[in-house]
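Work through the exercises below with the model open. Try each task before reading its solution.

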Amino acid sequence: MNASERVEAALARIREDDRELNCFTAVYEERARREAAEVDSSGMQGPLAGMPYAVKNLFDIEGFPTLAGSKINAGLPPAKRDAYAVRKLREAGAVLVGSLNMDEYAYGFTTENSHYGPTRNPHDPNRIAGGSSGGSGAAVAAGLVPLALGSDTNGSIRVPASLCGVFALKPTFGRLSRQGVFPLAASLDHIGPFARTVSDLAACYDALQGYDEEDPACAQRALQPVVPVLDSGVEDLRIAVGVGGPYDNLAPEARNAVEDVARSLNATERVEIPEPERARAATVLITSAESSSLHLPNLRTRPRDFDPMTRDRLLAGALLPAHWVLQAQRFRQWYGQAIVTLFGKADVLIAAATPFSATPIGEDTIEISGKKHPVRATLGLLTAPFSFAGVPVLTVPVAKSGKMPIGVQIICAPWREALAFRVAAHLEKEGFSCG
Amino acid sequence: MTETSIKAAAAAVDLSIPAKSLPGVKAHLERCATAAKLIEEFPLPPETEIAGTLSHERL
């Protein structure tokens with residue numbers, strides 16, 4: 001199929017299936033047709049040429065206000081240009097077809113958005129898609145688009161990837177530019193891709209790489225393409241299972257997923273993840289303070305326009321003592337080094353991405369090992385320590401017939417995304433796929 | 001943490017907490033206080049600076 005035919009097929013799937021799933025908040029039919037025609041007439045080649053994709057609705061799209069899941073931002077002026085990542089994908093020939101639902105201001109793990117409705121899990125529409133990039137995970141899992149972009153502050157790429165059963169990457173902090181992406185907590189925010197195959201994920205990640213002086217966190221590093229290393233195998237890698245604290249307190253499906261992946265990789269060593277509860281605690285403080293600071297003018301003047309799911313946490317975050325937040329950022333300095341030290345013992349760590357698979361929409365608690373846990377706060381327990389440390393993590397789906405999927409995190413040292421891609425490519429060959 | 005102290009802290013940053021939000025704000029502040037206690041119990045040497053993103057290479 002040429003680009004125009006692929007885009008028409010995607011638009012038809014979205015029209016047909018998104019009424020139930022509610023992944024999209026905007027579909028750009030005219031722009032998509034125009035971009036597809038440009039790709040076809042240019043004769044552009046490459047893995048992304050003519051590939052339809054969509055973005056979480058916190059990415060700037062020229063001519064439209066950047067919603068970031070909110071009602072408030074709908075009143076903002078339209079973006080003057082596309083976000084850096086969208087421009088990079090356009091250069092590679094990918095065709096933007098729409099923007100995707102999310103938790104308001106990316107402050108949540110379930111995409112139960114009160115303004116735009118919940119995004120439903122394609123594997124069971126009565127269940128959550130995860131969040132905050134829930135539209136991205138669900139749109140890719142449902143096959144509405146083969147590729148999507150999301151953002152991850154404490155797990156917002158990896159949680160929906162886990163619950164929807166797709167591949168996704170949260171790169172090293174500073175690897176990919178966040179220019180034109182509405183922030184949640186800038187000191188922790190990352191962006192990254194979702195895909196149904198490792199090769200699509202790799203092609204997208206390679207296209208997104210590049211230094212951008214407009215993102216103050218973006219590192220000046222040489223491009224490190226991962227497509228060329230996908231067939232390198234894993235025989236020379238030391239792979240260990242991350243254990244301790246919340247990594248041991250898993251529902252059976254999460255425990256089984258880690259065991260399946262470990263078996264497939266011959267990973268018999270165990271490595272204790274240091275201080276995961278303290279890392280998560282620090283992310284709660286930093287996220288609360290930074291997001292509240294960002295939204296304080298609107299919290300003062302129009303608190304009722306915020307989603308009730310986020311409003312109270314944003315209001316509370318404005319009241320945190322500076323000492324709590326500074327101490328959390330000092331702890332982050334220590335923690336980043338503590339996590340990097342683990343990679344002296346292993347090249348790659350694996351760990352569950354979420355402690356359980358998707359829960360019913362509206363469910364507040366879940367029981368694990370006989371104890372009840374709050375769904376929303378617990379979903380990010382296993383992801384937050386690694387984004388706090390800024391290390392790259394690729395989520396691989398573990399799907400079993402008749403059951404909800406769940407993801408496993410492939411964690412590497414900073415700037416070693418290539419190792420995670422090698423492991424994911426190996427696992428895909430072993431049968432770990434979107435199903 | 002009482003509702004009175006929450007209202008006073010909010011007033012200090014020119015913020016008014018809607019009555020309906022007070023229980024939710026209180027609950028999140030208590031969660032943050034628990035998190036802060038956990039961090040505070042962890043000994044850090046005085047020379048540990050905050051993790052920042054500013055790079056002098058680019059200034």
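A search over all chains of the whole structure finds 26 salt bridges, each a side-chain nitrogen of Lys or Arg within 4 Å of a carboxyl oxygen of Asp or Glu. The model is predicted: local features need pLDDT of at least 70, side-chain atom pairs count only at pLDDT 80 or more, and totals for chains, interfaces and linings use all residues. Residues are numbered from 1 along each chain as its sequence is written, chains are lettered from A and ligands numbered from 1 in the order in which they are written, and side-chain values use heavy atoms, with hydrogens and water left out.

**Exercise 1. Salt bridges within chain A**

Task: Find which parts of chain A the pair A:Lys71 and A:Asp305 ties together.

Solution. Start with the distance. The closest N and O atoms of A:Lys71 and A:Asp305 are 3.5 Å apart, a salt bridge. Next, place the partners. A:Lys71 sits in the loop between strand S2 (52-56) and helix H3 (84-91), and A:Asp305 in the loop between helix H8 (276-301) and helix H9 (308-317), so the bridge joins parts 234 residues apart in sequence. Helices (H or I, at least four residues) and strands (E, at least two) are DSSP runs, numbered from the N terminus. Then check exposure. A:Lys71 is partly exposed, at a relative accessible area of 44%. A:Asp305 is buried, at 19%. Buried means under 20% relative accessible area, exposed over 50%, partly exposed in between (1.4 Å probe, protein chains only).

Repeat for A:Asp231 and A:Lys429. Their closest N and O atoms are 3.1 Å apart, again a salt bridge. A:Asp231 is in the loop between helix H6 (198-208) and strand S11 (239-243), A:Lys429 in helix H13, so this pair ties together parts 198 residues apart in sequence. Both A:Asp231 and A:Lys429 are exposed.

Finish with the network. Salt bridges link A:Arg31, A:Glu35, A:Glu38, A:Asp82 and A:Arg90.

**Exercise 2. A pair within one helix**

Task: How many residues apart are B:Glu30 and B:Lys26?

Solution. Both lie in helix H2 of chain B, four residues apart, about one turn of the helix. An α-helix has 3.6 residues a turn, so residues three or four places apart point the same way. B:Glu30 and B:Lys26 form a salt bridge, with closest N and O atoms 2.9 Å apart. B:Glu30 is partly exposed at 36%. B:Lys26 is partly exposed at 26%.

**Exercise 3. The contact of chain B with chain A**

Task: Describe the contact between chain B and chain A.

Solution. Count residues. Chain B gives 32 and chain A gives 43, contact meaning heavy atoms within 4.5 Å. Take the area. The two chains bury about 3,300 Å² between them, 68% of it on carbon and sulfur atoms. This is the accessible area (1.4 Å probe) lost on being put together, summed over both. Now assign elements. Helix H1 (3-12) and helix H2 (22-40) of chain B each supply at least two residues of the side that touches chain A. H2(B) gives the largest share, 12 residues. Last, check charge pairing. There are zero salt bridges between chain B and chain A.

**Exercise 4. An enclosed helix**

Task: Is helix H4 (residues 134-141) of chain A largely enclosed or exposed?

Solution. Eight of its eight residues are buried, so H4(A) is largely enclosed by the rest of the structure. Among them are A:Ser136 and A:Val140. Just after H4(A), A:Gly143 takes a positive phi of about 75°.
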